[in-house]
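Visitor: I'd like a close look at the pocket region, please. Start from whichever residue you like and work your way around from there.

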Amino acid sequence: MQERLKELQEEAIQKVEQTDSLKELNDIRVAYLGKKGPITEVLRGMGKLSAEERPIMGALANEVREAISNKIEAKQNELEEAAVNEKLASETIDVTLPGRPVRVGNHHPLTRIIEEIEDLFIGMGYRVVEGPEVEQDYYNFEALNLPKGHPARDMQDSFYITEEILMRTHTSPVQARTMEKHDGKGPIKIICPGKVYRRDNDDATHSHQFMQIEGLVVGENIRMSDLKGTLEVFAKKMFGEDRDIRLRPSFFPFTEPSVEMDISCKICHGHGCSVCKQTGWIEILGAGMVHPNVLEMAGYDSKKYTGFAFGMGPERIAMLKYGIDDIRHFYTNDVRFLKQFSKHE
Ligand code: FA5
């Protein structure tokens with residue numbers, strides 16, 4: 001029996017040494033130390049032994065069990081450690097590898113042009129204000145000297161929500177709102193950028209939704225020459241000294257006299273193309289001296305106060321500055337178009 005136990009110990013230890021799998025190791029444990037294993041079997045036969053032999057055999061059986069169990073445990077630790085080391089080795093990060101480039105976005109060309117125009121006017125002492133895009137008929141038309149039924153309303157075909165509420169057709173209602181807030185007192189010097197809406201047919205230079213930047217200056221002794229000087233400074237800074245500018249007499253019910261400003265076309269250098277409709281010029285803004293009726297309706301004394309106002313189209317300005325041949329490029333957001341305005345590529 002003693003020999004059998006020693007044989008089992010050697011056999012089990014040899015098997016443990018030969019395995020390199022945790023599953024197999026567990027099978028060995030069950031096979032040798034389990035209830036149905038050979039050691040338990042040997043111990044069961046102890047009843048046949050004499051009283052002197054029994055404790056000796058009992059002690060030996062325990063020794064054998066312990067030796068096998070220790071060997072299994074040691075092997076288990078060794079295999080588990082090896083598994084962890086193997087996992088760590090396979091997950092090693094090479095910190096010296098160069099990183100993958102991250103694609104960086106950039107400001108939309110329209111945002112850039114609007115910020116540039118804002119900076120220019122802030123530099124001349126203007127304040128930036130905002131107004132609602134869903135506007136009352138009163139501010140969009142009536143307070144601007146365009147009573148109901150006025151034929152000039154047709155110049156700005158509108159999207160109406162109710163009879164009295166519409167999507168604003170220009171940023172000029174912000175003029176009326178700002179003057180009203182000032183309650184007929186003190187000077188005003190503001191610009192207002194924002195979206196406007198018209199039932200215009202889309203083409204290379206027209207969109208049914210576009211941006212405008214309104215400007216309004218009210219004070220004592222404000223003259224047409226102040227407006228002309230301001231627009232000239234703006235145009236020269238925006239387009240450079242070499243571009244031609246022209247002011248044409250025009251009509252807006254809320255300004256008198258009224259003008260429109262054109263810039264020479266960058267695409268054809270004034271020779272005529274589809275963008276400038278063969279004229280060599282592109283209109284970028286409307287302007288004029290604030291009509292006395294508009295000042296009076298907002299509570300200003302038109303004998304004491306005068307003012308000028310302008311409304312420009314930043315899309316058209318960006319087209320002229322960057323040589324863009326179709327206004328629709330701003331809204332379709334083709335990445336190949338947008339990428340050309342990136343500072344990073
Ligand atoms: C106006 O909207 C006046 N409120 C401007 C104004 C303000 C005049 C203050 C006097 C005093 P007009 O409809 O011309 O005017 O538009 C002004 C500018 O907006 C145009 O010069 C043009 O640059 C731009 N614009 C007009 N219609 C469109 C359109 N459909 N798509 C893109 N830009 C447009």
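Guide: Let's start with Pro257, which is found in strand 7. Keep in mind that this is a predicted model. Pro257 follows a cis peptide bond: the link between Glu256 and Pro257 has an omega of about -5°. Strand 7 spans 255-264 and supplies at least two residues of the shell around the ligand. Strand 7 also gives at least two residues to the lining of the largest pocket, and Glu260 is one of the residues nearest the centre of that pocket.

Now for the pocket itself. The largest pocket is the space taken by the ligand, and its volume is about 790 Å³. A total of 40 residues line the pocket, with Arg198, His206, Glu260, Glu283 and Arg316 lying nearest its centre. By class, that lining comes out as 16 nonpolar, 14 polar and ten charged residues. Strand 8 is the top contributor to the lining, with eight residues. The other elements that supply at least two lining residues each are strand 5, strand 6 (245-252), strand 7, strand 9 and helix 10 (314-322).

Next, the ligand. Its shell is made of 27 residues, and the closest of them are His170, Ser172, Arg198, Asp200 and Glu283. Arg198 and Glu283 turn up here and also in the group nearest the centre of the largest pocket. The shell divides into nine nonpolar, twelve polar and six charged residues. Strand 8 (281-290) leads here too, giving five residues, the largest share of the shell. Strand 5 (209-219), strand 7 and strand 9 (306-312) each chip in at least two residues as well.

Here are some contacts to find on screen. Asp200 has a side-chain N or O atom 2.7 Å from a nitrogen atom of the ligand. With Ile284, a polar backbone atom is 3.1 Å from a ligand oxygen. Leu285 also uses its backbone, with an N or O atom 3.2 Å from an oxygen atom of the ligand. Taken alone, the ligand would expose 670 Å², and the protein buries 96% of that.

While we're here, take a look at the loop between strand 5 and helix 8 (224-239), where you'll find Asn221. The phi of Asn221 is near 65°, a positive value in a residue other than glycine.

Last stop, the enclosed spaces. Across the whole structure, a search finds two cavities of 30 Å³ or more. The largest cavity holds about 50 Å³ of space. Its lining includes His170, a residue you've already met among those closest to the ligand. Other residues lining this cavity include Phe141, Leu146, Arg153, Met155 and Gln156, along with Phe252, Pro253 and Phe254. Sorted by class, the lining has seven nonpolar, two polar and one charged residues. The second largest cavity has about 30 Å³ of space, and it is lined by Tyr138, Ala143, Ala176, Glu180, Met297 and Ala298. That lining splits into five nonpolar residues, no polar ones and one charged residue.

If you go back to one element, make it strand 8: it gives the most to the lining of the largest pocket and has the largest share of the shell around the ligand.

Definitions and conventions:
Residues are numbered from 1 along each chain as its sequence is written. This is a predicted model: local features need pLDDT of at least 70, side-chain atom pairs count only at pLDDT 80 or more; totals for chains, interfaces and linings use all residues. Side-chain values use heavy atoms; hydrogens and water are left out. A residue is near a molecule or strand if one of its heavy atoms lies within 4 Å of it. A polar contact is a pair of N or O atoms within 3.5 Å; within protein, one must be able to donate a hydrogen and the other to accept it, and residues adjacent in sequence count only if both atoms are side-chain atoms. Accessible areas come from the Shrake-Rupley method with a 1.4 Å probe; for residues, only the protein chains shown count as cover. On a 1 Å grid over the protein atoms alone, a cavity is a set of points where a 1.4 Å probe fits but cannot get out, and a pocket is an open set with protein on both sides within 12 Å along at least five of seven lines; lining residues have an atom within 4 Å of a point. A molecule sits in a cavity or pocket if more than half of its atoms lie within 2 Å of its grid points. Helices (H or I, at least four residues) and strands (E, at least two) are DSSP runs, numbered from the N terminus. Ala, Val, Leu, Ile, Met, Phe, Trp, Tyr, Cys and Pro count as nonpolar, Asp, Glu, Lys and Arg as charged, and the others, Gly among them, as polar. Grid points are joined across faces, edges and corners, and a volume is the space filled by probe spheres set on the points.
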